[in-house]
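Open the model in your viewer and keep the selection tool ready. We will go step by step, and each stop tells you what to pick.

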Amino acid sequence: MTEYYGSKLEDIFNSMEDRFRPEGAEGVDAIFCYDIAGEDGGKWQVSVKDKELRVEKVEGNLKGCSVTIITDPETFIGVTLGKIDAGEAFSSGKIKVDGDIGLLTNILPKLFTKYTPPAKDVTSKDIIDTVVERFRADKAEGIDIVIGYDITGEGGGKWSVIVKDGYCSVKEGLDPNCTVTMQMDAKVFVGLNLGLIDGTAAFTSGKVKIEGDMGAAALSAGMFERFKVGVIEGAEELISLKCLPSIDQRFATGPVMGKWFDGLKEKKFYATKCPVCGRTQIPPREICALCRVRCTDFVELGPKGTVTLIDDVYYASPDPLTGEVRETPYAGVYIVLDGASEEEAFAHEIKKEDIDRIKPGMRVRPVWAEKRVGSYKDLLYFEIDE
Amino acid sequence: MANKKKNRNVAIIGIGQTEYSSHKEHQNQAEMVNEAVRRALDDARITMDDVDCVMHGNMELFEMVYQPDLWHEIGTGAYGKEEIRITTGGTTGASLVCAADNLVASGMYDVILAVGLEKLQEGHTTGGITNMADPLWFRHLQTGALTGTTAQEMIEEFGEDRAKRAAMKYRIMMDKHACLNPRAHRRFGLEYDQMDDLMNTSPKLVGELRLIHMCSQSDGACVMVFASEEKAKKLCKHHPPVWIRDHITVHREETLPNLFGFKKPEMTQRYAARKLFERNGIKDPVEYFDVFEMYDPSAWWGLDWLREFLLLKGDEHIKMLEEGEFDLDGKLPVNPSGGVTATNPIGATAMLRPAEAALQIRGDAGEHQLERNVRHALASGFGGTFWTVLIMLEKDLNW
């Protein structure tokens with residue numbers, strides 16, 4: 001399998017069991033399917049039910065999927081690691097989703113802890129790059145040496161570490177004034193620094209060749225802190241703070257909107273009528289913004305009307321406070337109620353069962369809540385009037 | 001001076017932008033602002049000592065950081081100076097330019113530094129937009145800024161295939177422009193031969209408004225420095241000043257449904273263009289302007305509004321698009337920067353339009369610089385329930 005961003009597809013799927021959070025799977029009963037195209041791709045099925053996880057590699061067709069993610073290995077690994085913006089990949093069609101997209105945006109992130117790639121191979125350069133930050137000035141008092149490293153083989157290079165007056169610096173290439181020069185293969189250099197190879201044994205067996213002041217070579221060991229893999233990985237930790245504000249609000253309706261809400265209780269739509277242009281406004285408003293006059297006359301509109309436009313909504317934004325997402329698709333409709341001025345539409349929803357049939361020009365009627373209290377909840381939706 | 005009420009001429013003398021992206025975890029809001037401020041001051045070759053007044057604009061409810069002008073003080077450099085905050089929805093950035101124009105023209109200030117910014121990833125844009133709707137009635141029905149009504153109307157008017165193709169061509173054209181702009185947020189590398197695929201496979205949001213048609217949510221800041229004619233001539237040694245000829249803002253009611261009755265009212269875009277061109281003696285805007293930086297929140301809206309802004313009739317705007325007249329080498333290039341579908345840091349978005357238009361006039365836009373001599377530029381802002389700001393910029397002070 002090809003590696004992207006230091007990970008393979010298998011790494012991600014095989015680590016799912018370890019990363020699974022049963023506490024995030026409360027009440028989840030879903031099958032997430034992954035159809036990852038290409039020679040180095042594959043198909044996986046991740047089932048979650050009763051707070052238990054099952055990850056399977058699938059040959060042949062994916063079945064029973066609640067949601068299917070269709071993409072390629074590079075995009076999938078990049079998105080998993082945060083190297084590729086998920087939204088961008090989705091927008092540009094590099095990721096396609098079939099099925100309940102809400103499972104991906106709302107449920108999936110709760111099911112697993114973040115994937116981290118396997119430790120990357122340490123190179124000689126990684127070690128040299130951290131020399132200055134691992135330098136311990138307190139152990140280098142009065143020391144004035146130049147240590148040359150001649151690292152051969154794949155991933156090798158030549159560097160000089162200069163220690164003088166309690167400061168340490170590194171430059172590329174071998175300094176002509178090296179106090180001591182150590183020559184070894186890159187694998188040996190990395191192994192020594194990671195503590196996987198014994199220094200004395202390496203020297204004795206000839207894997208490390210030392211030229212110049214042997215004492216300086218011994219001295220150098222004590223002047224630096226041990227190299228840690230973590231030093232190169234978490235170079236800079238970026239912290240972000242999370243907060244969730246929730247504000248309880250009260251809004252005064254005023255007498256005009258008060259009349260509107262009162263009307264809803266009686267299954268009536270009250271509009272104001274402009275004394276100058278005759279425009280009806282629904283919901284009613286005290287002022288006609290066009291004529292800049294007060295409207296004191298109310299007229300009753302509808303309750304039936306004619307649809308002008310329909311907005312079929314396939315993507316509902318999650319409620320920012322609760323994370324709840326409305327069921328999709330739902331449809332918003334613009335309706336000119338009987339008796340309304342022709343430019344003044346009223347907006348509401350159409351009954352779920354009517355979504356597929358509703359067309360501009362159709363007649364609709366309101367459906368009311370059984371118990372009406374003077375709230376937006378009194379009007380449930382409109383339905384086709386037939 | 002065409003707008004006879006203007007007391008003195010006003011120039012844009014400095015522009016600074018951050019790069020735009022959805023990943024600005026490396027800096028906080030004030031730091032992001034400061035990056036753009038430093039770039040604008042460098043561009044104008046001035047220091048904060050030269051600035052009389054700072055203007056700050058964003059949509060604070062998107063980040064839910066209130067009094068952001070105070071929070072961002074260390075970034076804007078406004079400490080101890082006069083500062084004015086502006087928040088007018090999508091038009092915020094353009095409103096900043098209008099207000100700066102007014103204030104410098106009035107003689108109140110000689111040099112103004114205006115900051116437009118947004119860090120959308122730190123808040124909840126749709127939550128913010130929903131909370132702008134009338135809390136008494138419309139809020140529970142609001143779907144953020146998404147609507148498919150324009151797509152539906154255009155399909156009705158021009159036929160399904162032609163309308164869908166035109167909207168997708170517009171989108172791909174904008175992506176091609178954005179790919180030339182290293183600061184642009186979304187740069188997909190779309191090709192025209194993907195049109196059929198995208199028309200059918202891009203996820204539907206609302207009606208025929210698909211994900212690919214819609215603008216991004218970006219983080220970033222844009223800063224502009226404005227100066228009176230006298231100051232501009234003294235300060236601008238390294239690049240020419242760009243003159244603000246005139247601007248207009250057109251507001252409307254807070255309700256949307258009254259746009260979708262049996263009779264459609266005149267759109268604010270057309271009203272603004274009609275009034276602005278009339279008082280400046282512009283008979284044929286397509287002929288007159290060399291570039292148009294338009295606030296286009298979606299491909300459908302962008303294409304539809306070209307008809308309004310350019311006072312076109314019937315399918316003239318679609319024909320122009322089909323014939324490549326809005327391309328970089330077309331009759332009237334639209335959004336060489338890539339526009340709003342590519343980059344949308346809301347409080348900065350409407351400022352980016354005149355800022356990018358001014359860079360085109362200066363010849364400093366970079367890779368997306370037009371080859372022609374750009375002398376006359378048009379820039380628009382859009383906000384809320386379809387209100388409009390329209391700004392005219394000029395290379396020469398000769399109108």
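Start by colouring chain A by domain. The model is a predicted one, and the domain assignment splits chain A into three ranges. Select 9–111 for domain 1, 124–231 for domain 2 and 254–384 for domain 3.

Now show domain 1 and domain 2 of chain A together. Their centres, taken over C-alpha atoms, are 45 Å apart.

Next, select the whole of chain A and switch to cartoon view. Chain A carries 12 helices and 20 strands. How does its spread compare with that of a compact globule? Its radius of gyration is 35 Å, while the globule rule gives 21 Å for 386 residues, so chain A is more spread out than a compact globule. Rotate the C-alpha trace of chain A: along its principal axes it spans about 105 × 55 × 35 Å.

Stay with chain A and think about its interior. Of its 386 residues, 28% are buried. Then look at its contacts with a separation of 6 or more: 64% of them join residues 24 or more positions apart.

Last stop: bring in chain B. Select the contact between the two chains, where chain A supplies 37 residues and chain B supplies 38. On the side of chain B that touches chain A, pick out α6 (125–130), α7 (149–158), α9 (195–201) and β5 (204–206) of chain B, the elements that each give two or more residues. Which of these elements gives the most? It is β5(B), with 3 residues. Finally, colour that side of chain B by residue type: 16 are nonpolar, 17 polar and 5 charged.

Conventions:
Residues numbered from 1 in each chain as written. Chains lettered and ligands numbered in written order. Predicted model: local features only at pLDDT ≥ 70, side-chain atom pairs only at ≥ 80, totals over all residues. Helix = DSSP H or I, 4+ residues; strand = E, 2+ residues; numbered from the N terminus. Rg over C-alpha atoms; globule rule 2.2 N^0.38 Å. Buried ≥ 20, exposed ≤ 12 C-beta atoms within 10 Å, placed from the backbone. Contact = placed C-beta atoms within 7 Å. Nonpolar A, V, L, I, M, F, W, Y, C, P; charged D, E, K, R; others polar. Domains from an automatic or database assignment.
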